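Please look over the structure below with one question in mind: how are the strands of a sheet arranged beside one another?

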Amino acid sequence: MYSYNLISKATRNVRHIDDFSKLPTPFFCMATDIETGNQVVLKKGNLAQAILASSAFPTLFPPVEIDGKFLVVGGVTNNYPIDELRKRSAEIVIWVDYQNDLMERKELKDATKILIQITNLQTIKKMRENIEKTDVYIRPDVKDYGIVSFEKGKEIIRKVQDSRKNLETALKRLNVPH
């Protein structure tokens with residue numbers, strides 16, 4: 001409930017828009033129907049609820065029910081939805097990759113890390129294939145952080161900001177105003 005309230009507050013200025021393509025920056029997010037294993041593209045409805053479903057990492061957050069589907073994080077089925085972006089006529093795709101590499105045996109010490117590893121096994125191969133289709137690929141140095149590093153948010157933001165120079169260089173190469 002806390003997460004929903006936080007996301008609702010952050011999206012309150014656009015809560016009246018139920019077609020995400022009509023947002024100031026067109027938007028969609030990915031989720032996974034945990035009952036069927038199917039990918040679900042969320043592009044209409046309650047924005048806060050869609051974001052919550054798209055980020056509901058199993059065991060950390062409960063699934064979110066939307067349109068009769070029980071949804072969890074989209075990364076379970078598609079952590080790099082570049083084909084969905086291209087379907088929506090994205091001219092330039094900039095991907096900021098926060099995906100952790102696979103952990104070594106000595107790091108796999110608890111259930112959460114093992115679940116993260118299982119998810120990563122399924123997504124890393126597809127992501128590597130999709131990097132080739134990306135116009136600008138940036139990977140901030142966040143290897144020391146994980147999906148549950150909530151208390152280190154400020155450090156993570158600094159690491160991401162450090163990668164801004166890479167983005168500016170890539171945009172110049174593509175002749176994109178920034």
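The briefing below describes one sheet and the strand S1 within it.

This is a predicted model, in which local features need pLDDT of at least 70 and side-chain atom pairs count only at pLDDT 80 or more, while totals for chains, interfaces and linings use all residues. Residues are numbered from 1 along each chain as its sequence is written, and side-chain values use heavy atoms, with hydrogens and water left out.

**The sheet**
- Four strands (DSSP runs of E, at least two residues, numbered from the N terminus) form an open sheet in the order S2-S1-S4-S3, with antiparallel pairing, where two strands pair if DSSP finds at least two bridges between them.
- Because S2 and S3 (64-66) stand at the edges with a single partner strand each, one side of each is left without a neighbour in the sheet.

**Strand S1 and its partners**
- Four bridges join S1 to the antiparallel strand S2 (residues 39-42), and in S2 the bridge partner of Ala 31 is Val 40, while that of Cys 29 is Leu 42.
- S1 and S2 form a hairpin with five residues between them, and Gly 37 in the turn has a positive phi of about 80 degrees.
- Three bridges join S1 to S4 (residues 69-73), which also runs antiparallel to it, and Thr 32 stands opposite Val 72 in S4.

**Burial of S1**
- Five of the five residues of S1 (residues 29-33) are buried, so this strand is largely enclosed by the rest of the structure; buried means under 20% relative accessible area (1.4 Å probe, protein chains only).
- Both faces of S1 are covered, with Cys 29, Ala 31 and Asp 33 buried on one side and Met 30 and Thr 32 buried on the other.

Conventions: Buried means under 20% relative accessible area, exposed over 50%, partly exposed in between (1.4 Å probe, protein chains only).
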